[in-house]
Amino acid sequence: MRTTSTDFDVIVCGGGPSGFVAAIAAARTGAKTLLVERYGFLGGMATSGWLGPISPFYFKDERVIAGIPYDFVKHMVAAGGSTGHIRCTNPHGSGSYLCFYDRETYKWSAMSLFLEAGGTPLLHTWIAGTIVEDGAVRGVVVENKGGRSEIRAKVVVDATGDGDVAARAGAEHTVGNGSGLSQPATLMFDMEGVDTLAVKRYMDEHPEDFEWASEFVAVSDYSPRLPRPSEHFVGQGFVEMVGKAMADDDLYLGRDSILFLTTTHRGVLHFNSTRVAGVDATDADSLTRAEIDARRQVMSLSDFLVRKVPGFEHAQLAGTGTQLGIRESRHVTGEYVLTGEDVVAGRKFDDVVSRGYFPIDIHNLKGKSGYTGGGTWQDLEDTYDVPKRALVPVELDGLVMAGRAISADQAAHGSFRTQGGVMAIGHAAGTLAALAARTGTMPRDVDHRDVQAKLLDQGASLRRDPAAVERERQLAVDAVSSALAAGEISPAYLAEAETFSGRAPRL
Ligand SMILES: Cc1cc2nc3c(=O)[nH]c(=O)nc-3n(C[C@H](O)[C@H](O)[C@H](O)COP(=O)(O)OP(=O)(O)OC[C@H]3O[C@@H](n4cnc5c(N)ncnc54)[C@H](O)[C@@H]3O)c2cc1C
């Protein structure tokens, strides 16, 4: 085995939403940083998994996610490749705001910010093992076209999503709900050549057939290159059609309704609509079976849409994820295990390093039905804190966890798992790793106040700012009110609690 350069301060393993943000944070904090990624581009599930939107950075109208994740979104907006977060007029379902993005812009914005920060990427490279000495991770074993080699660093960040580094180093962990059952997986796809006006018309005329439907308004600068905010919509439904088609054996699908969203591309709709339950993302046989099942569902559903659903008469399947989308796998046990109770109670911690805000969203673990038939959707009363201790494995030194594999139970993971949550955790993980490397301290021994100070320097939000909340609420109210007055959105889609009457909204 070859030994490569040994003088990295920080190696970030995995270039998904948590990993590339962690790598930018580490590099901006002054650490000599290597980012190792198995694919030829960054973004993880957001790009290779073919995701649609970035879910809210917001709790109600309060923007909770700031700092590097927000810099990243602004970078995509400036490149004309993202709507930024636009507000749902019916903030049920996936939350109050969605950010649509072009996946190619996403890949390049992530890479650009990392290169600008002075980091070193290593693509097409698989983390195949770890170097553990005296109870501390001292580097990783990588495998690529050149063979196998060792790369050493002072601190390693595990942002592989599946906790591969921690598991290989022997860290204590659980999988899914503790009995090995994780959230179901989904192979995402897009349809092109869609008459989106016809699809929207069907939604307008059949509200009873949709579990969730929303229009959008922009609350900040909006690129003239993209479809207007009022052209965007999201729907979860076609319940009757899907039910009948499945009963008649005319559709092969793992769930009983269709979730679809507009995109940054005109005439292209995105589908988060297949479901494979019981996948173990740490087992290649399980993944192989799941990829085949999910692909069968994509082919069946895309064909069904063209044959049966208004607006798809001239549409085609435009593309699927490079891989099946994995929501959940390992949770690496840390110094603190964040729980569903913490999330529901809006618990705050002295060693807060990021904030959580998204509802607990656990897709049905075993069946086809949604939140009324086995899944969980629980709105939160308040934001909660993610403590630094949840990023530090309970026994192993030299390692910081980032992203969806941090120390948590299934319910807590069900909340922080969307992109805003994991990006903010990545910001904290990269900063912690860099401070540990620069001061020659183990991550668990770094004073959380130093991490907080650095995060605040980099614009992160660690506590509520009531004045900002007030401003952000007013922005939303003004945006919805003026779009209503201009006839750009329909009152029919406004949630009951969100009735805006002209310029004088009911708050
Ligand atoms: C089907 C589905 C739908 C979703 N919908 C939404 C949504 O609408 N909105 C939203 O905000 N979020 C959504 N999410 C959640 C979002 O995808 C996650 O928040 C996010 O991707 C998690 O980021 P991560 O960095 O923790 O892990 P990942 O995105 O999984 O990234 C891990 C990275 O590590 C790399 N990697 C893994 N193992 C290795 C290895 N051994 N060697 C080298 N590289 C490795 C991978 O290639 C990848 O780039 C969805 C997720 C799924 C699966």
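Two strands pair if DSSP finds at least two bridges between them. Keep that rule at hand, because it decides which strands count as partners in this tour. The model on your screen is a predicted one.

**Stop 1: strands β21 and β24**

Select β21, residues 352–356. Then add strand β24, residues 384–387. Four bridges join these two strands, and β21 and β24 run antiparallel. To see one such contact, pick R355 and look across to D385 in β24, its bridge partner.

Is β21 open to the outside or enclosed? Five of its five residues are buried, so β21 is largely enclosed by the rest of the structure.

Now click on P387, which belongs to β24. Its relative accessibility is 0%, and because buried means under 20%, P387 counts as buried. Next, draw a distance from the C-alpha atom of P387 to that of I425: the two residues are 38 apart along the chain, and your viewer should give 9.7 Å.

**Stop 2: the cavity**

Stay with β21 for a moment, since it leads to an empty space inside the model. Rolling a probe the size of a water molecule over the atoms shows where empty space is left. Here, the count comes to one cavity of 30 Å³ or more. The largest cavity has a volume of about 80 Å³.

Which residues lie nearest the centre of the largest cavity? Select A66, A424, H427, A460 and S461; they belong to a lining of 14 residues. Two elements give two or more residues to this lining: β21 and helix α10 (419–439). Colour the lining by class and you will find 10 nonpolar, three polar and one charged residues.

**Stop 3: strand β2 and its partners**

Move to the start of the chain and select strand β2, residues 8–13. Six of its six residues are buried, so β2 is largely enclosed by the rest of the structure.

β2 pairs with strand β12 (residues 147–158) in the parallel sense, over five bridges. Find I11, and you will see V156 of β12 standing opposite. Strand β3 (residues 33–36) also runs parallel to β2, and four bridges join them. For an example, select V10 together with T33, its bridge partner in β3. To follow the route between β2 and β3, trace the chain through helix α1 (residues 17–28): this β-α-β crossover is right-handed.

**Stop 4: an open sheet of nine strands**

Now look for the open sheet with antiparallel pairing, made of nine strands in the order β4-β8-β7-β15-β16-β17-β18-β14-β19. Which strands stand at its edges? They are β4 (53–54) and β19 (316–320); each has a single partner strand, so one side of each is left without a neighbour in the sheet.

Zoom in on β4. Two bridges join it to strand β8 (residues 97–101), and β4 and β8 run antiparallel. Select P53, and F100 in β8 stands opposite.

Next, go to the loop between β17 (258–262) and β18 (269–271), where you will find T264. Is T264 buried or exposed? With 8% relative accessibility, T264 counts as buried. Its C-alpha atom is 8.9 Å from that of H232, a residue 32 positions away along the chain.

**Stop 5: two unusual backbone angles**

Most residues other than glycine have a negative phi, and most peptide bonds are trans. Two residues in this model are worth a click with that in mind.

Begin with D134, in the loop between β10 (126–133) and β11 (136–144). D134 is not a glycine, yet it has a positive phi of about 50 degrees. Its relative accessible area is 78%, so D134 is exposed.

Then select F238, in the loop between β16 (233–237) and α6 (239–247). F238 also has a positive phi, of about 55 degrees, although it is not a glycine. Where D134 is exposed, F238 counts as buried, at 1% relative accessibility.

**Stop 6: step back to the domains**

Finally, zoom out and colour the chain by its domain assignment: domain 1 (2–54 + 100–181 + 329–344 + 388–462), domain 2 (189–320) and domain 3 (467–498). How far apart are the C-alpha centres of domain 1 and domain 3? They lie 37 Å apart.

Key: Residues numbered from 1 in each chain as written. Predicted model: local features only at pLDDT ≥ 70, side-chain atom pairs only at ≥ 80, totals over all residues. Heavy atoms only, no water. Buried < 20%, exposed > 50% of the residue type's maximum accessible area, 1.4 Å probe, protein only. Right-handed = clockwise from strand over helix to strand, strands pointing away. Domains from an automatic or database assignment. 1 Å grid on protein atoms, 1.4 Å probe; cavity = no way out; pocket = protein on both sides within 12 Å on 5 of 7 lines; lining within 4 Å. Points joined across faces, edges and corners; volume = space filled by probe spheres on them. Nonpolar A, V, L, I, M, F, W, Y, C, P; charged D, E, K, R; others polar.
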